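Subject: Structure handover and notes

Dear colleague,

I am passing on the structure we spoke about, together with notes on what was found in it. Please read the notes with the coordinates open beside them.

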Amino acid sequence: MLNIPDDVVRALRVPQRQTEEELRREFAIFLVREGLLSRPMARRLAEMERVDFDDLLASRKVPWDFSTDEILRDVEAAEAAAFHSPAAESTER
């Protein structure tokens with residue numbers, strides 16, 4: 001586990017109650033940008049919802065490096081979610 005010296009934490013220009021959250025997010029962004037961690041795993045590290053994390057990465061200009069398989073899985077998941085959503089079910093009746 002990563003240990004950060006107390007004096008370094010105090011020196012951060014982040015409110016103390018937000019320190020861990022900010023460090024998690026910044027570390028997750030760095031790991032994705034460097035290709036060291038996948039977006040889903042980095043999102044877990046950042047403890048963020050997928051859309052929020054993708055928005056954060058986009059705001060930091062982190063490129064989208066998806067494989068064809070990842071894109072196809074996302075499309076299939078979106079289609080399945082749309083097919084099984086309450087709105088889709090109400091139009092089928």
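Which side chain meets that of Glu-26 in a salt bridge? The partner is Arg-60, with a separation of 2.7 Å from N to O. This pair links distant parts of the chain, since Glu-26 belongs to helix H2 while Arg-60 sits in the loop between H4 and helix H5 (68–83), 34 residues away. Both ends are partly exposed, Glu-26 at 33% relative accessibility and Arg-60 with a relative accessible area of 34%.

Before going further, please keep in mind that this is a predicted model. The mean pLDDT of the protein chain is 84, and 89% of its residues reach 70 or more. Confidence is not even along the chain: helix H6 (residues 86–92) has the lowest mean, 53, whereas H3 has the highest, 94.

Overall architecture

The protein chain contains 6 helices and 0 strands, and its pattern along the sequence reads α-α-α-α-α-α. Of its 93 residues, 16% count as buried. Among the contacts in the chain with a separation of 6 or more, 32% are between residues 24 or more positions apart.

Salt bridges

A search of the whole structure returns 6 salt bridges, and, besides the pair above, I would draw your attention to a small network that joins Glu-20, Arg-24 and Glu-47. One of its links is between the side chains of Glu-20 and Arg-24, at 3.2 Å from N to O; both residues lie in helix H2, 4 residues apart, which is about one turn of the helix. As a general point, an α-helix has 3.6 residues a turn, so residues three or four places apart point the same way.

The other link to describe is that between Arg-24 and Glu-47, whose closest N and O atoms are 3.7 Å apart. Here the pair links distant parts of the chain, with Arg-24 in helix H2 and Glu-47 in the loop between H3 and H4, 23 residues apart. As for accessibility, Glu-20 is exposed, with a relative accessible area of 54%, and Glu-47 is likewise exposed, at 57%, while Arg-24 counts as partly exposed at 23%. Glu-47 has a further feature to check, for it comes just after H3 and takes a positive phi of about 55°.

Helix H3 and the nonpolar core

In helix H3 (residues 39–46), the residues Arg-39, Ala-42 and Ala-46 are buried. These three cover an arc of only 65° around the axis, and therefore they fall on the same side of H3. The buried residues of H3 pack against helix H2 (19–33) and helix H4 (50–59). At the start of H3, a side-chain oxygen of Ser-38 comes to within 3.3 Å of the backbone nitrogen of Met-41.

The largest nonpolar core has 10 residues, among them Ala-42 and Ala-46, together with Ile-29, Val-32, Phe-53 and Leu-57. Helices H2, H3 and H4 each supply at least two residues of this core. In soluble globular proteins, nonpolar side chains tend to be buried together. Met-48 is also one of the core residues, and, leaving aside residues up to four places away in sequence, Met-48 touches Arg-25, Arg-43, Phe-53 and Leu-56.

Two buried polar residues

Where does Thr-19 lie, and is Thr-19 buried or exposed? Thr-19 has its place in helix H2, and at 6% relative accessibility Thr-19 counts as buried. A polar atom of its side chain is 3.1 Å from the backbone oxygen of Gln-16, and, not counting residues up to four places away in sequence, Thr-19 touches Val-9, Leu-12 and Val-14.

Asp-54, in helix H4, is buried as well, with a relative accessible area of 13%. With residues up to four places away in sequence again not counted, Asp-54 touches Arg-39 and Trp-64; of these two, Arg-39 has already appeared among the buried residues of H3.

With kind regards

Note on methods:
Residues are numbered from 1 along each chain as its sequence is written. This is a predicted model: local features need pLDDT of at least 70, side-chain atom pairs count only at pLDDT 80 or more; totals for chains, interfaces and linings use all residues. Side-chain values use heavy atoms; hydrogens and water are left out. Buried means under 20% relative accessible area, exposed over 50%, partly exposed in between (1.4 Å probe, protein chains only). The arc is that of the directions from the helix axis to the C-beta atoms. Contact means heavy atoms within 4.5 Å. A polar contact is a pair of N or O atoms within 3.5 Å; within protein, one must be able to donate a hydrogen and the other to accept it, and residues adjacent in sequence count only if both atoms are side-chain atoms. pLDDT is the predictor's confidence in each residue, from 0 to 100. A salt bridge is a side-chain nitrogen of Lys or Arg within 4 Å of a carboxyl oxygen of Asp or Glu. A nonpolar core is a set of buried Ala, Val, Leu, Ile, Met, Phe, Trp, Tyr and Cys residues joined through side-chain atoms within 4.5 Å.
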